[in-house]
Each structure stands twice: as structure tokens, then as C-alpha cells.
Amino acid sequence: MNVLLVQQDEGVRAYHIPLYPIGLSYVAAALKAHSVRIFNPNSFEYPGSLEELKKEIVRFNPDIVGLSIRNLDTTQRRDLHIQFNTVRPTINAIKETCPTAKIIAGGSGFSLYAMEIMNRIPEIDYGVFLEGDEAIVQLLDNLDRPETVKGIFYRGNGAQNASEAIFTGTRPTPDFSRIPMPDRGPRVIDTKSYIGDYYNILGVQSKRGCVFKCTYCSYPFLNNDSVRLRSPVEVVDEIGHMIENYGLKSFVFVDSVFNLPERHAREICNEIIRRKLRIKWGAWLTPKMLTVEFMHLMKEAGCVHVGLSPDAVTDEGLRYLQKGITYKEVKNSIKVMRKTKGIVATYNFFCAYPGMDLWAVLRTIYLYFKIPLAIFARASVGLGWIRIEPHTAVYDIALKEGIITEGLDMLPEKEEDLLKLFYVPKRLWYATLAFDILAFLADELIKPAGRAAFRIVNKLKGERPHV
């Protein structure tokens with residue numbers, strides 16, 4: 001069968017080059033028995049991208065169109081945008097151009113609201129719940145008997161009406177070590193168009209799952225709370241393959257946490273060094289037990305950027321968020337990054353969270369200024385708000401505190417409704433005011449000044465900035 005895999009259109013364009021659709025490349029590798037193409041509408045401006053999609057459908061004439069619904073909204077309280085609103089127009093474009101094609105929805109955004117999306121958009125024929133590498137293969141082999149495949153939503157065959165969605169039940173989590181390497185071949189996708197100096201465009205996955213159970217995070221629901229590792233040799237094989245075949249210059253590890261387990265991360269770094277691969281990359285780290293020696297190893301292997309999300313600034317706040325770290329470890333990570341030359345660090349903190357008090361508000365503001373000064377020209381701090389999502393502990397906390405109510409639509413289509421879905425308790429009204437003022441000043445004064453200083457420093461050093 002001809003299978004066209006379509007990345008969800010984000011609606012807004014955050015990058016000049018769109019993010020590489022790594023999830024669809026994994027699906028393409030699984031569907032090696034079929035003729036597969038990947039189409040990323042984010043390479044074009046929206047809504048003109050819908051016309052480009054129609055052209056691709058006419059060229060490829062698919063029997064199946066798989067739509068990966070990744071992001072539902074920006075999750076940013078100061079940058080409200082509902083990306084889910086592009087899904088219905090995309091499906092309409094598919095149906096208008098190829099009405100006989102079966103539409104299969106999947107992706108992390110879909111899995112968070114699978115039944116709601118199936119009920120809201122009846123044109124979706126099937127849905128793949130959670131990781132779809134194995135389920136999609138079995139579904140295409142059993143389109144006339146979808147009820148025999150676990151992890152699938154389908155319509156009819158026992159439902160009260162033809163459009164009602166039926167779920168076949170959750171399937172076991174796939175063994176990631178047995179999943180084939182993503183298919184980035186030219187018959188599937190033009191990988192070379194994603195190659196460049198931007199480290200955060202093309203992703204590599206060395207593991208799935210996360211042992212941390214942060215109260216606000218949906219990852220344990222989406223990818224399980226146990227870590228499933230790929231062989232470090234196979235991970236570096238993939239990197240080397242892209243360097244040799246596509247001229248890869250930089251990439252990002254899309255793991256929830258790269259340095260856990262640390263042994264696995266060390267083996268990857270050592271393998272990159274052993275093969276003398278000249279490559280730049282970034283990763284997300286936990287501050288837990290971070291050392292200068294480990295950071296130097298990452299730097300030697302080509303790391304140029306790390307992101308850390310302590311989120312809270314007191315031990316009490318960290319316990320409420322179930323971060324699995326202490327404030328002492330957060331402070332230690334700042335010292336480690338100060339001693340690690342050549343790696344840029346981004347820290348992220350929440351403006352409001354369960355257990356936050358006035359002292360935490362003041363300390364957050366303090367760290368907002370201290371971290372960039374402590375790690376001069378090599379660090380920045382991001383401030384955000386918790387977007388309340390289902391299947392998380394903070395959802396239950398927000399219900400109990402009256403921030404949200406039972407029956408509230410958690411998948412809004414209007415920005416004013418999205419604004420109601422952030423953890424903003426009334427008791428922290430002063431924090432809301434303080435951080436809104438700080439965010440305004442940061443956007444208008446602090447960040448522009450910081451970027452100018454960063455460019456000057458890099459120019460004096462003769463370095464190119466890492467995006």
C-alpha cells in the first residue's frame with residue numbers, strides 16, 4: 001500500500017527550518033513492507049501548506065494517510081496559540097483530495113485526548129494509542145479486523161452507531177532496543193533539507209521513558225515510567241550514518257533526560273569520541289549528581305548546549321513537583337556549568353506550582369538574574385507556567401484547589417479557554433503580577449541586551465552562536 005505520513009501543521013513557525021519529524025521516521029522504518037512518504041507541512045507557510053499537501057497527495061496517491069498530532073497548544077501562558085486547530089483543516093484537505101484514503105491519527109497529542117479527538121473529528125478512521133511502531137504494522141495487516149489489534153481506535157463493528165469510536169485496549173510497551181533505526185532515506189523524506197548549524201532541528205533518540213514522575217508531566221503516561229535503552233553503538237551508528245550520507249553537522253538528543261542512566265550517556269559519548277566524529281549536539285539533563293568531569297566528557301564528544309528544568313527553587317517545591325532532586329543539586333549544577341567552558345546552558349523554572357510561597361517567588365527572581373551572571377554569556381533562564389494536562393498528578397491537585405472543575409474542556413479551541421488551563425492559584429496573585437512584569441521587561445529589555453552581549457562575545461572569540 002501507499003502510505004503517506006503527515007506531520008501536524010503547527011500553524012505558527014517557530015523556526016526557519018521546521019523540526020524534523022523523528023516519530024514519523026520511526027513509523028516509516030516499521031512500514032518497510034509498504035511504499036512510504038513523509039510530508040511535513042511546516043516547510044511551508046500556513047494555510048498555504050494545505051495546498052502543498054494536496055499536491056503531495058495527488059503525486060503519491062496514498063491508500064493510507066497517517067497524521068501525527070504532536071502538539072495541541074504552545075503550553076505557554078504568555079504565547080497562547082492552539083495548534084490543534086490545524087488538524088481539522090488538514091483532514092478536510094485530505095478528504096477533498098483523496099476521499100477513498102483511510103486516515104489514521106497518532107502521536108503524543110492524539111494519545112493524550114484520543115477518545116475526545118476521535119469523537120470530535122469523525123473523519124478519522126483509526127487511531128493509534130501511545131507508541132505506534134508495532135501497532136501501525138499490525139493495523140495495516142488487519143484493516144478489515146481492527147478489533148484484533150491492541151492499542152487501536154476504530155469505528156463500527158459493534159458500536160451503537162457507525163461513527164462511534166471503539167478502543168481495543170492498551171498494548172504492551174514496545175521493546176525500544178528492538179525498534180529499527182528511523183528511516184531517513186531519500187525515498188521517504190528529504191533529510192538533507194533539515195541539515196544545518198541549528199543543533200535543535202534534527203533529533204536522535206537513545207532511550208524512551210523516564211523514571212521521574214513529575215506532577216505536571218505527561219511523559220510517564222505517554223512513554224512509560226521505566227527507561228528503555230538503545231545500544232550506545234547503535235545510537236552512534238545512526239549518527240555516523242547521517243554524517244556520512246546527509247552531511248549532518250548538528251543534532252539534539254530528544255530523550256526526556258539524557259544523563260540518566262549516566263553510564264549509558266557516558267558510553268554514547270565515549271563511542272562518539274572513539275570514532276572521532278566531528279559533530280555538535282545538545283541534550284536535556286537532570287541536575288541530579290551532575291559533575292564537571294561528566295560535562296567535560298560531553299563537551300569532548302561535541303556537546304554545545306544543555307537544557308535543565310529544575311522547575312522549583314526550594315526543597316519543598318521540588319518535593320511537591322516530585323522532581324527527584326534537591327535544591328543543593330540545583331545549586332551544584334550551576335557551579336558545574338560555570339566550570340564547563342564551551343557549553344551553553346538553559347535553565348527553566350515555573351512561576352507558580354503547588355507548595356510555592358513568597359520565599360520561592362523571591363528566590364526564582366534571584367536565580368533569573370544570578371544564573372546568566374554566574375555563567376556569563378553561556379546561560380539563559382526561561383520562566384513558564386504549568387499547563388494542566390490529563391493523566392498527571394497536577395490535574396488532580398488543580399481539581400482539589402478549584403483551579404479547574406470537573407467537566408472542563410481540557411482540549412480547547414479558543415485561546416481564552418486555553419488561558420484557564422494553567423496552574424495559577426489565587427493565593428499566588430502577587431507571583432502572577434511579579435512574573436508578568438518580569439516577563440515583559442525580559443522580552444523588551446533584558447533578552448535583547450543579553451543577545452547583543454552574546455553576539456559581541458562570540459564575535460570577539462570568533463565563534464558562531466548556537467541556536
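## The seven-stranded mixed sheet

Seven strands make up an open sheet whose order is 2-1-3-4-5-6-7, and the pairing within this sheet is mixed. The edges are taken by strand 2 (35–39) and strand 7, each of which has a single partner strand, so one side of each is left without a neighbour in the sheet. From one strand to the next, the twist averages 20°. These descriptions, like those that follow, refer to a predicted model.

Within this sheet, strand 3 (residues 64–68) and strand 4 (residues 102–106) are paired in the parallel sense over five bridges, and the bridge partner of Gly66 in strand 4 is Ile104. Two helices can be placed against these strands. Helix 1 (residues 22–30) lies across strand 1 (2–7), strand 2 and strand 3, and runs at about 165° to strand 1. Helix 2 (residues 48–60) also packs on the sheet, where it touches strand 1 and strand 2, its direction making about 165° with that of strand 2.

## Strands 5, 6 and 7

Strand 6 (residues 152–155) has antiparallel pairings with strand 5 (residues 126–128), over two bridges, and with strand 7 (residues 165–167), over three bridges. Val128 stands opposite Ile152 in strand 6, while Tyr154 has Ile166 in strand 7 as its bridge partner.

The side chains of strand 6 can be sorted by direction: Ile152 and Tyr154 point one way, Phe153 and Arg155 point the other way, and all of them are buried.

## The six-stranded parallel sheet

A further open sheet is formed by six strands in the order 8-11-12-13-14-15, with parallel pairing. Its edge strands are strand 8 (203–204) and strand 15 (379–384), each of which pairs on one side only. Inside the order, strand 12 (residues 280–285) and strand 13 (residues 303–311) run parallel and are joined by five bridges, with Ala283 standing opposite Val306 of strand 13.

Helix 12 (residues 327–338) packs on this sheet and touches strand 13 and strand 14 (344–350), its direction making about 160° with that of strand 14. Helix 13 (residues 358–374), in turn, lies across strand 14 and strand 15, and runs at about 155° to strand 15.

## The contact of helix 9 with helix 10

The axes of helix 9 (residues 262–274) and helix 10 (residues 292–300) come within 9 Å and cross at roughly 35°, and the crossing is left-handed. On the side of helix 9, the residues that meet helix 10 are Glu262, Ala265, Arg266, Cys269, Asn270 and Ile273, and on the side of helix 10 they are Glu293, Phe294, Leu297, Met298 and Glu300. By residue class, this contact divides into six nonpolar, one polar and four charged residues.

## The nonpolar core

The largest nonpolar core has 142 residues, and those with the most contacts inside this core are Phe253, Phe258, Trp281, Met295, Met298, Val306 and Tyr347. Helix 13 supplies the largest share of the core, namely six residues.

Two of the residues just named also appear in the preceding sections: Met298 in helix 10 takes part in the contact with helix 9, and Val306 in strand 13 stands opposite Ala283. Which residues is Val306 in contact with, leaving aside its neighbours within four places in sequence? They are Ala283, Leu285, Met295, Met298, Met337, Ile343, Val344, Ala345 and Thr346. Among these contacts of Val306, Met295 and Met298 belong to the residues with the most contacts inside the core.

Key. Residues are numbered from 1 along each chain as its sequence is written. This is a predicted model: local features need pLDDT of at least 70, side-chain atom pairs count only at pLDDT 80 or more; totals for chains, interfaces and linings use all residues. Side-chain values use heavy atoms; hydrogens and water are left out. Two strands pair if DSSP finds at least two bridges between them. Helices (H or I, at least four residues) and strands (E, at least two) are DSSP runs, numbered from the N terminus. Contact means heavy atoms within 4.5 Å. Axes are lines fitted to C-alpha atoms, for helices over the stretch in contact, and angles run from 0 to 180 degrees between N-to-C directions. A crossing is left-handed if the near helix is turned anticlockwise from the far one by less than a right angle, and right-handed if clockwise. Ala, Val, Leu, Ile, Met, Phe, Trp, Tyr, Cys and Pro count as nonpolar, Asp, Glu, Lys and Arg as charged, and the others, Gly among them, as polar. A nonpolar core is a set of buried Ala, Val, Leu, Ile, Met, Phe, Trp, Tyr and Cys residues joined through side-chain atoms within 4.5 Å. Buried means under 20% relative accessible area, exposed over 50%, partly exposed in between (1.4 Å probe, protein chains only).
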